[in-house]
Amino acid sequence: MIRLATAARGSLSRLWLLPLPLLAVAAGQSSDGVLHVAVDNVRDRTGRVHVDICTQQQFLKDCPIAADAPARVGQSIVTLTGLKPGRYAAQVFYDQNGNGKVDRALFGVPKEGVGFSNDAKIRLGPPKWEEAFFDYDGRERTIRLRLRYFMGPDAPTATTAK
């Protein structure tokens, strides 16, 4: 049996004085609007993993909803809070050198790992919105995606690029 100290019991009884709708809002704030993005295939522990959450109009541009987390070999998890329900796409990159942007080689090929929600395929250019969007209902949720590299380790070869 769990016993509460007298002071604690008095504090608990005062909670009933709060209007019930206020309690419901306060209780839901801890998990509402939370989106975890589990990013697989991070190949080093230097730099940061950056996530942009975009609406259709913002997709493949600068998105105002963004977060990052320290890179961890294998998987890094980036958490965004305060996200409103809606239809979004995640665009992610591994900022290995910490300069805040995707470094590119000749013809715009990314030098660092990039990825999109739904593991939308990157062919001769970025995926289409229809391949990357997901619906978010406002409740705590985790989505997963895998970074793809076009240079260095994990880059596609002539046989794997098909």
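**View 1. His36 stands opposite Thr79 in S4.** Let's start with a single residue pair in this predicted model. The setting is the pairing of strand S1, residues 35-42, with S4. These two strands run antiparallel, and seven bridges join them.

**View 2. Stepping back, we meet an open sheet of three strands.** Its order is S4-S1-S8, and the pairing is mixed. Strand S4 (74-80) and strand S8 (141-146) are the edge strands, each of them pairing on one side only. From one strand to the next, the twist averages 20°.

**View 3. Here Cys54 is joined to Cys63 by a disulfide.** A disulfide is a covalent bond between the sulfur atoms of two cysteines. In this link the S to S distance is 1.9 Å, and the cut-off for calling a disulfide is 2.5 Å between the sulfur atoms. The count comes to one disulfide by this rule. Have a look at the geometry too: the link of Cys54 and Cys63 is right-handed, with 100° about the S-S bond. Are these two cysteines buried or exposed? Both Cys54 and Cys63 are buried.

**View 4. Tyr88 and Phe134 form a tilted aromatic pair.** A search of the whole structure finds four aromatic pairs, and this view shows one of them. The ring centres of Tyr88 and Phe134 lie 6.5 Å apart with the planes at 45°, so the pair counts as tilted. Where do the two partners sit? Tyr88 belongs to strand S5 (residues 86-95) and Phe134 to strand S7 (residues 133-136), so the pair ties together parts that are 46 residues apart in sequence. Both Tyr88 and Phe134 are buried.

**View 5. Trp129 and Phe133 make a stacked pair.** The centres of their rings are 5.8 Å apart and the planes stand at 20°, so this pair is stacked; planes under 30 degrees apart are counted that way. The two partners are worth viewing one by one for accessibility. Trp129 has 9% relative accessibility and therefore counts as buried, since buried means under 20%. Phe133, at 23% relative accessibility, counts as partly exposed.

**View 6. A final frame gathers one aromatic cluster.** Which residues form this cluster? Its members are Phe59, Phe116, Trp129 and Phe133. You will recognise Trp129 and Phe133 as the stacked pair of the previous view, now shown together with Phe59 and Phe116.

Note on methods: Residues numbered from 1 in each chain as written. Predicted model: local features only at pLDDT ≥ 70, side-chain atom pairs only at ≥ 80, totals over all residues. Heavy atoms only, no water. Pairing = 2+ DSSP bridges. Helix = DSSP H or I, 4+ residues; strand = E, 2+ residues; numbered from the N terminus. Axes fitted to C-alpha atoms, helices over the stretch in contact; angles between N-to-C directions. Buried < 20%, exposed > 50% of the residue type's maximum accessible area, 1.4 Å probe, protein only. Phe/Tyr/Trp six-rings, centres within 6.5 Å; stacked < 30°, edge-to-face > 60°.
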